[in-house]
Amino acid sequence: MGCGSFNVTSFLPAAMRAAVLIQRWYRQYVARTEMRRRYTWHIFQSIEYSGEQAQIKLYNFLGYLMDNFTPSCNERNLISHIFRENEVCRDAEWERYFCYQNIEVPEIYSGPHLTFPMTLEQAVGLVEAFRNKKQLHSRYVLQLLLETWKLLRMLPNISRISTCHSKEITICGETKEKQRFLIPVFNGMPSLEKAYVFNGDFVDRGRDSIEILLILFSFLLVYPSEVHLNRGNHEDHIVNLRYGFTKEVLMKYKMHGKRILKLLQKIFSWLPLATVIDQKVLVLHGGISDTTDLGLLTRLDRHNVSSRRAPSRSGRDRGGPTASTTARCRTSTSASRTTWRSWRPAGDSWSSALRSAPPTKTICARPLTPSRATRSKTSGNLPALVLSWLQVLDLLWSDPMPQEGCVPNEVRGGGCYWGPDVTEDFLNRHNLQLIIRSHECKQEGYEFCHNRKVLTLFSASNYYDVGSNRGAYVKLGPDLVPYMVQYQASSMTRELTVRQSVGRTERSALKVLREQLFAHKSDLICAFRKFDKDNTGRVSLNDWASVVESVMHLDLPWRMLRCQLVTCKTSDGMVDYQEWFHDPAELNPDGQTFLLLETLYRHRSTLETIFRIVDTDNSGFISLEDFRQTWKLLSVYLKMEITDEAISDLAITIDSNHDGSIDIDEFMEAFRLTDRKNQNTGKT
């Protein structure tokens, strides 16, 4: 026989050849669709985790200020109030915060009325009222929070429940979506025979977080032995400042919102850390590490331990996320697994001391993960509260990985990645058979790993966009075999074909990515010019992909995304970056002003977080002087040299009505209008 090419289809009947061609086309179509689905998902997750890294860096920076400046320093006083949220107060003092008797409910109020102790009918009525867009009066909110606080203080750190008392137990993952998520779950309302475990992250990234929280608290009060709430990493005051829950509460409860937020901080600190079912299944929010010890977690004072704030020298939780003078120092990407040392600048000079330090980089020389044996040896040198904090940090922030071992979670900036060997060792030590955790969005709503001994459960469908993912929850009976239930909250998604759903999600992901690229325009152009020695305005595709990744740090398949992002490719395969990005000098003759505004746009989430911190009375307004101090914080955090004159000019420009104060919402709305403008023009 010859060695030439051989086409088997030429010997097949016409119908068979057509079937083979259709099958080949269909396989290629499915492969392309799956490829688009995967890189779309990768875009969403990379940008989400990059935001979490920025949040952790801000934590480290603010904590660094608290560690290295005296209480008399003006700049320190600007942010010190956020670290006093866990100050020791007598129960009687807290009950005064909860006081609701002096709040009257007007006759025109048409929302639900609550009496205590709550009944099942009232809890169901609350669900129906929220479904009909009614709001619970602040008097009842405060009363509900008071009763919840009293109950939570009586609960152990780790709840232990049994299927012997309930025919089935339903475990729900993250609920940070609209309240309609609770409707399919509560088709069978909690009862003496139907227990529920909600696995943290009840708030943020949604418009109905407070309603979800109030519904969960209501059913907790009605069925305290059948409804169980675990703490998540978003049950945290500073995280709420960045991701929307604080703003939501203040918008809905303008008069008493500040009190409600204060009380919620306290309630969050009393939420149990985990749940054990039949002494065999552990339900927790994030995960474990090679040093997780359920015995220690059972004994610690959970209300004194925050998920992101390292304990101070005195042993109290002062809220700072960086190293204290006797505790472990940390990096912006490895918050829980580094060594500790002390550092203190000479004097309290705002500019010189801060600019000499690396608050957004490493403040410690050894960002390595200590082994279980090493941490056991050094644990005697660490305060008890530090050890407790490390346990909680790993519990709320960690993620599983396919490789063996336990390494710092550099993607999120907190907790660790743990492998199947760590899972096996942990389960054997504690005589368990399964870990159910949340903390990660999964496209199908759930995912097994580590030989099906770890189940990730995510219950909020359409998390990134309509059609981006399903939600799921799991039911456990006496046999402890997981029965998965998937759902899609939006009827629109159910009506879309696979192609339409993938296309819609892909467009949304690319829109978000273009916004990120726009925010780094100057850095990208500067990096392109290093490869463009002859100033032709063009670079090769390889150089283009390399530059974009070096600036964005998103670990995306840029060569694959080039067709969606770059339309100005030349005939010789080069990328015309000048056409892709207009030169900033052409856009604005004042280069420094443009760079200042671009920096504000890029770090708008961090800026809004700092604004909310500075706005101590939660009024939504800050003075011009506070704005100047805020920008000083941000400029030092970003290591930018911005003159006081430039900051003052910017403050005066933003104060459009010249009343001496800046409306935070109006200021941030300018960035959202810019986002919409860029989306409409279709340019990056």
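The following questions and answers concern a predicted model of a protein chain.

User: How many helices and strands are there in the protein chain?
Analyst: The predicted chain has 684 residues, of which 56% are buried. Among its contacts between residues at least 6 apart in sequence, 73% join residues at least 24 apart. The secondary structure of the chain amounts to 27 helices and 18 strands.

User: Which strands stand at the edges of the six-stranded open sheet?
Analyst: The pairing in this sheet is mixed, and the strands follow the order 1-5-6-10-12-11. Each edge strand has a single partner strand, so one side of it is left without a neighbour in the sheet. From one strand to the next, the twist averages 20°. The edge strands are strand 1 (158-161) and strand 11 (446-449).

User: Which residue of strand 5 stands opposite arginine 160?
Analyst: Strand 1 pairs with strand 5, residues 274-277, over four bridges in the parallel sense. Within strand 5, the residue opposite arginine 160 is valine 276.

User: Which residue in strand 12 stands opposite isoleucine 436?
Analyst: Strand 10 runs parallel to strand 6, with three bridges joining them, and valine 281 stands opposite leucine 434 of strand 10. Strand 10 also runs parallel to strand 12, again through three bridges. Opposite isoleucine 436, strand 12 places leucine 455.

User: Which residues of strand 10 are buried on its two sides?
Analyst: Both faces of strand 10 are covered. Helix 15 lies across strand 10 (434-437), as well as across strand 6 (281-284) and strand 12 (454-457). The buried residues are Leu434 and Ile436 on one side, and on the other Ile435 and Arg437.

User: At about what angle does helix 15 run to strand 10?
Analyst: Helix 15 comprises residues 420-430. Helix 15 lies across three strands, namely 6, 10 and 12. Its angle to strand 10 is about 115°.

User: Why does proline 420 count as partly exposed rather than buried?
Analyst: Proline 420 is found in helix 15. A residue is buried under 20% relative accessibility and exposed over 50%, so a value in between counts as partly exposed. Proline 420 is partly exposed because its relative accessibility is 21%.

User: How far apart in space are proline 420 and glutamate 404, C-alpha to C-alpha?
Analyst: Leaving aside residues up to four places away in sequence, proline 420 touches Met401, Pro402, Gln403, Glu404 and His450. In sequence, proline 420 and glutamate 404 are 16 residues apart. Their C-alpha separation is 5.7 Å.

User: Which helices do the buried residues of helix 9 pack against?
Analyst: Helix 9 covers residues 245-252, and its buried residues include Phe245, Thr246, Glu248, Val249 and Leu250. The packing partners of the buried residues are helix 7 (209-222), helix 8 (237-243) and helix 10 (257-270).

User: What is the handedness of the crossing of helix 9 and helix 10?
Analyst: Phe245, Thr246, Val249 and Leu250 of helix 9 meet Gly257, Lys258, Ile260, Leu261, Leu264 and Phe268 of helix 10. The two helices pack at an angle of about 140° with axes 8 Å apart. That angle makes helix 9 oblique to helix 10. The crossing is right-handed.

User: How far apart are the end C-alpha atoms of residues 519-554?
Analyst: An unreviewed UniProt entry lists residues 519-554, 602-637 and 642-677 for "domain: EF-hand". Over residues 519-554, the predicted chain is 67% helix and 6% strand. The end C-alpha atoms of that stretch are separated by 14 Å.

Methods
Residues are numbered from 1 along each chain as its sequence is written. This is a predicted model: local features need pLDDT of at least 70, side-chain atom pairs count only at pLDDT 80 or more; totals for chains, interfaces and linings use all residues. Side-chain values use heavy atoms; hydrogens and water are left out. Buried means under 20% relative accessible area, exposed over 50%, partly exposed in between (1.4 Å probe, protein chains only). Contact means heavy atoms within 4.5 Å. Two strands pair if DSSP finds at least two bridges between them. Axes are lines fitted to C-alpha atoms, for helices over the stretch in contact, and angles run from 0 to 180 degrees between N-to-C directions. UniProt positions are given in the numbering used here, feature names are shortened, and annotations may be inferred rather than shown by experiment. Angles under 35 degrees count as roughly parallel, over 145 as roughly antiparallel, 65 to 115 as roughly perpendicular and the rest as oblique. A crossing is left-handed if the near helix is turned anticlockwise from the far one by less than a right angle, and right-handed if clockwise.
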